[in-house]
Amino acid sequence: MATQRYSVTPHPIETLLTWVKSGEIAIPEIQRPFVWDATKVRNLLDSLYNGYPVGYLIAWRNPTVRLKDGTTSSGKRILIDGQQRVTALMAALLGQEVVDKDYRTRRIRIAFNPLEQKFEVTNPAIQKDSTWIADIADVFSPEIGLIGVMDDYLARNPEADRKEISGILQRLWQITNNHVGVIELAEDLDIETVTEIFIRVNSAGAQLSQADFVMSKIAADERNGGNQLRKAIDYFCHLAVAPEAMPRIEKNDTEFVKSEYFQKMRWLSNVNDDLYDPSYTDMLRVAFTSEFGRGKLQDLVALLSGRNFETRDYEEEIAEASFERLKKGVFNFMSKTHFDRLTMILRSAGFVTSNLIRSKNAVNFAYIIYLRGRAENMDAASLERLVRRWYVMSVLRGRYSGNAESSFDYDIRQIEMNGLAKYANAVIQSELSEDYWSALLPQQFNSSASTTPSFVVFKAAQAKLGDLGFLSRDITVRDLLLNRSDVHHVFPKNYLKGRGFTAARYNQVANFVIAQSEINIAIGDKAPDVYFSELADQCSGGPQRYGGITDIDELQANLQTNCVPSSVLNGPIPEYDDFLEERRKMMAGKIHLFFKSL
């Protein structure tokens, strides 16, 4: 029979709030944007008022760490599940401000109508209505309190029954006496088990991740500056997307603004580049893997807890050193020089817009390779080439599309053993062999998904090689991707639909070209033999219908550039399936040529 490794104890809400205020239990969500909307806070209070269950909280006490003087220190509890609920209670009952997703500090005010015994989110109409208590935090306030709220309410509603209102407000006040079950995981559980429990727990229907656990662990360790480090990670990732939030952070978090972290990210205030917008998961993966030579985030939790992997003890020196190393990794990630260089390398490989960045983990490992190369003092040109080639290889082969964490761990350990350049070049050569270019890659174009990696890389290849858009004389694919372009069906969609083809058939990526909108519109639903005949006529002095090409050699060159078989001009239009087969080979050849140029 399995041994139970947890205890279940009911605690009054008042006790939980006292734990949070005293620092006994760590609620990291207080330090980062509160994601619940106000109606969920209202619903939580309504459930408590009516005596309904509101679920369990799950807590785990940090491992006991051996201190430098030989004594041991018992760590804080980390709230694994229930952070949003406890934060909501502190906001609504204690009047604490929360930080919203735009990093604005605000109050969540919940109103209560004693006559209807109803909760609602406070709004201007409620504030003017005497039958409502506009902010229930007043009931729990030491300055106002239950008696003060009741006297004020009866003065505004003289017709109300004093005894009835008193009983209802007493019931509201006693919400904090309601019990919530706290599942406390055994203190001696190993990190791996707690991590597994953590990622299996659901919060508001969204499965928690190992990165969430790492962020909770970081925030809980104030002794090693974890609260500031967590803010740095959160703020950087938010500012990378919304630099306009910088003034709000400067106004609302003056303590953080004084930190060295803020100085490292101040450059984001003038950035409007969305090519790579990292999440905190991305940032943790890159900072940890590049600095520690490991790829599994559960190892980071262990190291930040002071885990000695040999003795299985927890030591303060290891925790301190791990926080310092993670801090270094975060600084390297946030460096303007490093961040700008990574995005420059991606653009130099033709990935000129965020629409072409389909694998964030592929970008993350490309960043890891860049940072490791910098640490090894690789010359800039060789490092940039290696990063470009690795990134393209990993996208084409879907290297990080499955269990990315295991792939990160394997690759970084191999790099540690064999050296960066030696290992990376060997993998590239193995993954992109001659058989891949001639046989496997053409088959990857047998897809109806416009986001399929092979088609994404094909567009990047055209951008990198300076190709002109389909039937364009002057406008390049790069220009079209950066501004406005259409994905045109060489065999028009409605033409094929009229012949009974399904979406999976007519939307084959080998039927797609990048074209100007006006060219796409001009072609419309015309049969291929019709509009290609008109194009040939256009190059022989006939009416100019499609773009500005009027020379037959120029037209043939454009078709070649866009991997459209020349047979569409030189004879009968091929059957659709024959056309697709030939074009897949040509598109694979284009990518092979592109890769050689990297």
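Me: Which residues have the most contacts inside the largest nonpolar core?
Reply: M265, F351, W390, F470 and F532. That core has 145 residues. Keep in mind that this is a predicted model.

Me: Take F470. What is F470 in contact with, leaving aside neighbours within four places in sequence?
Reply: Quite a list. F470 is in contact with H488, V513, I514, A515, I519, I523, Y531 and F532, among others. N558, L559, N562 and V564 are also in contact with F470.

Me: And how many residues are in the other core?
Reply: That core has 46 residues and lies apart from the largest one. Among its members are V86, A91, F112 and A160.

Me: V513 and A515 came up with F470. Which residues of strand 15 are on which side?
Reply: Strand 15 covers residues 512–515. F512 and I514 are on one side, V513 and A515 on the other. All four are buried, and both faces of the strand are covered.

Me: In what sense do strand 14 and strand 15 pair?
Reply: Antiparallel, over four bridges. Strand 14 is residues 486–489. As for a bridge partner, D486 has A515 in strand 15.

Me: Just before strand 14 there's N483. Where is N483 found?
Reply: In the loop between helix 23 (477–482) and strand 14.

Me: Buried or exposed, that N483?
Reply: N483 is exposed, because its relative accessible area is 65%, and the cut-off for exposed is over 50%. The side chain of N483 still reaches the backbone oxygen of D479, at 2.8 Å.

Me: How many residues apart are N483 and T15?
Reply: 468 in sequence. In space they are 57 Å apart, C-alpha to C-alpha.

Me: Switching to helices. At what angle do helix 18 and helix 22 pack?
Reply: About 145°, with their axes 8 Å apart. Helix 18 is residues 380–396 and helix 22 is residues 453–465.

Me: Which residues make the contact?
Reply: V392, V395 and L396 from helix 18. Helix 22 brings P453, S454 and V457. By class, that contact has five nonpolar residues, one polar and no charged.

Me: How many residues of helix 8 are buried?
Reply: Eleven of its eleven. Helix 8 is residues 210–220. The buried residues include Q210, D212 and K217, along with F213, V214 and M215.

Me: What about H338, where is its place?
Reply: In helix 16, residues 336–348. H338 is buried, because its relative accessible area is 10%, and buried means under 20%.

Me: Which residues does H338 touch?
Reply: N332, Y367, Y370, L371 and R374, not counting residues up to four places away in sequence. With N332 there is a close-up detail: its backbone oxygen lies 2.9 Å from a polar atom of the H338 side chain.

Me: Backbone oddities next. What phi does R312 have?
Reply: A positive one, about 65°, although R312 is not a glycine. R312 has its place in the loop between helix 14 (297–304) and helix 15 (316–334). R312 is exposed, with a relative accessible area of 57%.

Me: And what phi does C563 have?
Reply: Positive, about 60°, and C563 is not a glycine. The place of C563 is in the loop between helix 28 (552–561) and helix 29 (567–570).

Me: Is C563 buried or exposed?
Reply: C563 is buried, at a relative accessible area of 3%, whereas R312 is exposed.

Definitions and conventions:
Residues are numbered from 1 along each chain as its sequence is written. This is a predicted model: local features need pLDDT of at least 70, side-chain atom pairs count only at pLDDT 80 or more; totals for chains, interfaces and linings use all residues. Side-chain values use heavy atoms; hydrogens and water are left out. A nonpolar core is a set of buried Ala, Val, Leu, Ile, Met, Phe, Trp, Tyr and Cys residues joined through side-chain atoms within 4.5 Å. Buried means under 20% relative accessible area, exposed over 50%, partly exposed in between (1.4 Å probe, protein chains only). Contact means heavy atoms within 4.5 Å. Helices (H or I, at least four residues) and strands (E, at least two) are DSSP runs, numbered from the N terminus. A polar contact is a pair of N or O atoms within 3.5 Å; within protein, one must be able to donate a hydrogen and the other to accept it, and residues adjacent in sequence count only if both atoms are side-chain atoms. Axes are lines fitted to C-alpha atoms, for helices over the stretch in contact, and angles run from 0 to 180 degrees between N-to-C directions. Ala, Val, Leu, Ile, Met, Phe, Trp, Tyr, Cys and Pro count as nonpolar, Asp, Glu, Lys and Arg as charged, and the others, Gly among them, as polar. Two strands pair if DSSP finds at least two bridges between them.
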